[in-house]
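Trainee: Could we go through this one together? I'd like to hear what stands behind each label.

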Amino acid sequence: MNINITARNTTIRDSFKNSLDKKISKLDRFFDNEAVANVTVTNENGRETVEVTIKASNMFFRAEKTTSDRLDSLDVVVDALFRQIVKNKNKLEKRLKKSAFDMAYEHDFVGSEDVYKIARSKKFSARPMDVEEAILQMNLVGHNFYIFKNSDSGDICVLYKRNDDTYGLIEPE
């Protein structure tokens with residue numbers, strides 16, 4: 001797995017890089033050599049945030065944690081990624097390495113097989129609007145996301161509110 005490290009408002013020491021390589025390599029057995037792990041380390045007001053996004057065969061796995069120590073954040077993130085993969089192993093076995101799921105880790109997640117149940121289905125008409133109008137509409141209805149038809153591109157887009165009170169926009173390629 002290739003690892004790309006980005007530092008924001010901080011510097012990355014070799015000791016952290018070594019720890020990062022060691023911990024991320026635990027996840028290597030699930031992915032082929034073409035998988036890419038993007039790691040972002042941010043320091044804001046003494047709080048260390050570690051975000052890891054793994055892209056492998058058109059799938060994304062992501063975890064983020066903020067603590068006072070970046071190594072603690074890294075530990076939590078790698079554990080969360082591992083749990084995501086193992087928890088959904090039945091759905092992922094066809095896409096990830098076949099030998100990745102051995103019986104060694106099965107006992108930790110016995111009985112955790114999720115059954116996804118759709119509690120509510122809703123239909124709506126996505127009328128054309130620009131992004132600014134979509135933000136206004138989202139805030140008016142009090143939701144964290146809003147689906148709309150972009151008047152510029154004609155595509156169906158998803159607007160969402162991020163944790164830092166900014167907005168994100170998901171558009172199809």
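Trainee: Which residue is the bridge partner of L159 in β8?

Mentor: L169 is the bridge partner of L159 in β8. Before we go on, this is a predicted model, where local features need pLDDT of at least 70, side-chain atom pairs count only at pLDDT 80 or more, and totals for chains, interfaces and linings use all residues. Residues are numbered from 1 along each chain as its sequence is written, and side-chain values use heavy atoms, with hydrogens and water left out.

Trainee: What makes β7 and β8 a strand pair?

Mentor: Strands are DSSP runs of E with at least two residues, helices are runs of H or I with at least four, and both are numbered from the N terminus. Two strands pair if DSSP finds at least two bridges between them. Here 4 bridges join β7 (residues 156-161) to β8 (residues 167-170), and the strands run antiparallel. The hairpin has 5 residues between its strands, and D165 takes a positive phi near 60° there.

Trainee: Where else does a residue that is not a glycine have a positive phi?

Mentor: N45 has one of about 55°, in the loop between β2 and β3. N9 has one of about 60°, and its place is the loop between β1 (2-8) and α1. They catch the eye because most residues other than glycine have a negative phi.

Trainee: Why is N45 called exposed?

Mentor: The relative accessible area decides: under 20% is buried, over 50% exposed and in between partly exposed, with a 1.4 Å probe and protein chains only. N45 has 79%, so it is exposed. N9 is exposed too, with 63%.

Trainee: And what makes a set of residues a nonpolar core?

Mentor: The members are buried Ala, Val, Leu, Ile, Met, Phe, Trp, Tyr and Cys residues joined through side-chain atoms within 4.5 Å. In the largest one, of 27 residues, M1, L27, F31, V52, I54 and L81 touch the most other members. α1 (14-24), β2 (36-44), β3 (47-56), β4 (59-67) and α2 (70-87) each supply at least two residues, and α2 gives the most, with 8. Another core lies apart from it, with 7 residues that include M138, Y146, F148 and L159.

Trainee: How do you know that α2 is close to its expected span?

Mentor: The expected span is 1.5 Å times one less than the number of residues. For the 18 residues of α2 that gives 26 Å, and the helix reaches 25 Å from its first C-alpha to its last. Its buried residues include L74, V77, V78, L81 and I85.

Trainee: Why is the pair of F30 and F31 called edge-to-face?

Mentor: Rings of Phe, Tyr and Trp (its six-membered ring) pair if their centres lie within 6.5 Å; planes under 30 degrees apart are stacked, over 60 edge-to-face and the rest tilted. F30 and F31 are 6.5 Å apart centre to centre, with 70° between the planes, which fits edge-to-face. F30 and F82 have centres 5.8 Å apart and planes at 55°, so that pair is tilted. F30 lies in the loop between α1 and β2 and F82 in helix α2, so the pair ties together parts 52 residues apart in sequence.

Trainee: What makes R70 a charge over the ring of F16?

Mentor: NZ of Lys or CZ of Arg must be within 6 Å of the ring centre and within 35 degrees of the ring normal. The charged end of R70 is 5.5 Å from the centre of the F16 ring and sits over that ring.
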